[in-house]
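User: Hello! I would like a close look at a single part of this model, with the surroundings brought in wherever they help.

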Amino acid sequence: MEFYGENECVFCNNILDSEETVTLGEKGVKGIEKAAEERKERVTGKTGQKVHSKCKKQYTNPRILSVLKRKEDCEPEKVCLRS
Ligand SMILES: [Zn+2]
């Protein structure tokens, strides 16, 4: 288990400094949980927690998620070898 300090971004583990941050609302937390599920990761956010705005956007970006999904379905060296 990793511990994330209050002042660290759950996505990049960097200190919430200098960069633009957002405070997670219920909706934001749900979005992260959903994205984490898609990514098969265990990132969770708490309501009221601060994260980098940039990181959250990237993490929950539907386009990035769908690319990841496609990759998983179609890993060149694994699944897609149909001979
Ligand atoms: Zn971050």
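In which segment is N13 found? Please start there, and then take me closely through helix α1 (26-39) and what packs against that helix.

Analyst: Happy to walk through this with you. Please keep in mind that this is a predicted model. The chain has a mean pLDDT of 85, and 81% of its residues reach 70 or more. Among the elements, helix α2 (residues 53-60) has the highest confidence, at a mean of 96, while helix α3 (residues 62-73) has the lowest, at 85.

Your first point is quickly settled: N13 sits in the segment before β1 (21-23). What stands out about N13 is its backbone, since its phi is near 65°, a positive value in a residue other than glycine. Most residues other than glycine have a negative phi. N13 is also exposed, because just 11 other C-beta atoms lie within 10 Å and the limit for that class is 12 or fewer.

Now for the setting of α1. The chain contains three helices and two strands, and from the N terminus on they follow the order β-α-β-α-α. Buried residues account for 14% of the 83 residues. Of the contacts between residues at least 6 apart in sequence, 62% join residues at least 24 apart.

Helix α1 itself has 14 residues and reaches 20 Å from its first C-alpha to its last, close to the 20 Å expected at 1.5 Å a residue. Just after α1 comes K40, with a positive phi of about 55°. K40 is not a glycine either, and its place is in the loop between α1 (26-39) and β2 (50-52). K40 counts as exposed because it has 8 C-beta neighbours inside 10 Å.

Further along, the loop between α1 and β2 also holds T44. T44 comes back to the helix: not counting residues up to four places away in sequence, T44 touches I32, E33 and A36. The C-alpha atoms of T44 and E33 are 6.0 Å apart, although the two residues are separated by 11 places along the chain. Is T44 buried or exposed, then? T44 counts as exposed, with 12 C-beta neighbours inside 10 Å; that value still falls in the exposed class because the class takes in 12 or fewer.

Next, the helices that pack on α1, beginning with α2. The axes of α1 and α2 are 9 Å apart and meet at an angle of about 50°. That angle makes α1 oblique to α2, and the crossing of the pair is left-handed. On the α1 side the contact is made by G28, G31, I32 and A35, and on the α2 side by K56, Y59 and T60.

K56 deserves a pause here. This lysine of helix α2 is buried, with 22 other C-beta atoms within 10 Å, and the class begins at 20. Leaving aside its neighbours within four places in sequence, K56 is in contact with F11, V22, G28 and V51. G28 is among the α1 residues that make the contact between α1 and α2. The C-alpha atoms of K56 and T21 are separated by 9.2 Å, with their positions 35 residues apart along the chain.

The other partner is α3. Here α1 and α3 pack at an angle of about 20°, with their axes 10 Å apart. That makes α1 roughly parallel to α3, because angles under 35 degrees are classed that way. This crossing, too, is left-handed. The residues that meet are A35, E38 and R39 in α1 and L65, L68 and K69 in α3. A35 therefore appears in both contacts, with α2 and with α3.

As for α3 itself, its 12 residues should span 16 Å at 1.5 Å a residue, and its end C-alpha atoms are 16 Å apart, which agrees. Helix α3 is hardly covered, as the count of buried residues in it is zero. P62, which has its place in α3, fits that picture: P62 is exposed, with 11 other C-beta atoms within 10 Å. The C-alpha atoms of P62 and A35 are separated by 8.3 Å, while the two residues are 27 apart along the chain.

To draw this together, α1 lies oblique to α2 and roughly parallel to α3, and T44 from the loop between α1 and β2 touches I32, E33 and A36.

Methods
Residues numbered from 1 in each chain as written. Predicted model: local features only at pLDDT ≥ 70, side-chain atom pairs only at ≥ 80, totals over all residues. pLDDT = per-residue confidence, 0-100. Helix = DSSP H or I, 4+ residues; strand = E, 2+ residues; numbered from the N terminus. Expected span 1.5 Å × (residues − 1). Axes fitted to C-alpha atoms, helices over the stretch in contact; angles between N-to-C directions. Parallel < 35°, antiparallel > 145°, perpendicular 65-115°, else oblique. Left-handed = near helix turned anticlockwise from the far one by under 90°. Contact = placed C-beta atoms within 7 Å.
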